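User: Hi! I have just started learning to read protein models. Could you take me through this one, a few questions at a time?

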Amino acid sequence: MNETIQLLLNHRSIRKYKETPVSEEQLDAILGAAQHASTSSNMQAYSVIGVTEPEIKNKLAELAGNQAYVAGCPLFLVWCADLYRYEKAQSLHMRDKQPSTVEHFIIATVDAALAAQNAAVAAESLGLGIVYIGGIRNNPQQVSELLGLPEHVYPVFGMCVGVPDQEPLTRPRLPRDAVYHANKYNTACQSEAITTYDETMSAYMSERTDGKAATSWSEAMAAKTGAQRLHMRPFLRDQGFMLE
Ligand SMILES: Cc1cc2nc3c(=O)[nH]c(=O)nc-3n(C[C@H](O)[C@H](O)[C@H](O)COP(=O)(O)O)c2cc1C
């Protein structure tokens with residue numbers, strides 16, 4: 001096992017941070033790592049807003065569903081899919097605007113996620129902790145207004161960054177066979193994988209909550225059923241993502 005893999009295996013989301021600010025040097029390293037992620041056709045179709053102003057963080061914490069650690073972390077990064085710069089570059093050479101398609105949307109969203117994950121790993125390698133915050137998509141319009149996002153840009157998720165003030169257990173993952181399929185997708189293994197993982201997650205949840213909850217994975221997934229964030233489609237259209 002090398003150090004890089006050990007670092008990846010040690011990942012756990014951090015939801016309590018010390019007040020120590022993230023230094024400029026650390027931020028440089030984190031952003032350098034993010035910028036060197038692979039990117040579709042070198043489009044680099046993402047932007048990241050670094051929020052340190054307490055007032056803006058407080059508002060974002062509220063908009064993300066009152067997640068206190070968004071206000072409590074020293075640095076909150078908002079990762080955005082960004083086709084604004086791409087369209088601007090195109091307009092230097094083309095008169096007709098290219099509509100942004102579903103494919104463009106996927107490219108920009110994937111680019112944002114790849115850059116963010118590189119940043120996350122870099123931050124963890126510096127002894128910092130992170131947690132992704134999809135909660136900002138509860139109120140994407142207000143988040144976009146607060147951050148002054150132009151058209152063709154949307155906030156994919158946030159990320160708290162800071163020095164950890166807790167040491168949570170690492171969260172167990174599905175058995176490898178559930179996610180890795182040799183040559184062909186294996187539907188047959190999924191039921192057994194879920195049963196096995198349910199037992200693992202129940203035990204983990206019980207330990208994490210001092211026996212107060214022993215929710216299995218499938219129970220947690222069942223609780224997530226139903227349409228979520230249906231406002232995303234009209235919001236994305238308003239932001240200029242045509243999704244044709
Ligand atoms: C895109 C994305 C959005 C997430 N949104 C939230 C969030 O809003 N609040 C939160 O506390 N955790 C959030 N998480 C963290 C996940 O709950 C966490 O990564 C997962 O349960 C696995 O736990 P671990 O990161 O500790 O291994 C998010 C993770 C991802 C990848």
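User: Which of the 14 residues around the ligand come nearest?

Analyst: Keep in mind that this is a predicted model. The ligand has 14 residues around it. By type, this shell divides into five nonpolar, five polar and four charged residues. Those that come nearest are His11, Ser13, Gln67, Tyr69 and Gly134.

User: How far is a nitrogen atom of the ligand from an N or O atom in the side chain of Gln67?

Analyst: Polar contacts are pairs of N or O atoms within 3.5 Å. Tyr69 offers a side-chain N or O atom 2.7 Å from an oxygen atom of the ligand, and Gly135 has a backbone N or O atom 3.1 Å from a ligand oxygen. For the side chain of Gln67 and a ligand nitrogen, the distance is 2.8 Å.

User: What share of the ligand's accessible area does the protein cover?

Analyst: Start with the ligand on its own, which has 620 Å² of accessible area. The part of this that the protein covers is 69%.

User: Which strand gives the largest share of the shell around the ligand?

Analyst: Look at residues 129-133 in the model. They form the strand that supplies three residues of the shell, the largest share, and its name is β3.

User: Is Ser41 buried or exposed?

Analyst: Find Ser41 in the loop between α2 (24-35) and β1 (46-51). Its phi is positive, about 50°, although Ser41 is not a glycine. Exposed means over 50% relative accessible area. Because Ser41 has 68% relative accessibility, it counts as exposed.

Technical notes: Residues are numbered from 1 along each chain as its sequence is written. This is a predicted model: local features need pLDDT of at least 70, side-chain atom pairs count only at pLDDT 80 or more; totals for chains, interfaces and linings use all residues. Side-chain values use heavy atoms; hydrogens and water are left out. A residue is near a molecule or strand if one of its heavy atoms lies within 4 Å of it. A polar contact is a pair of N or O atoms within 3.5 Å; within protein, one must be able to donate a hydrogen and the other to accept it, and residues adjacent in sequence count only if both atoms are side-chain atoms. Accessible areas come from the Shrake-Rupley method with a 1.4 Å probe; for residues, only the protein chains shown count as cover. Helices (H or I, at least four residues) and strands (E, at least two) are DSSP runs, numbered from the N terminus. Ala, Val, Leu, Ile, Met, Phe, Trp, Tyr, Cys and Pro count as nonpolar, Asp, Glu, Lys and Arg as charged, and the others, Gly among them, as polar. Buried means under 20% relative accessible area, exposed over 50%, partly exposed in between (1.4 Å probe, protein chains only).
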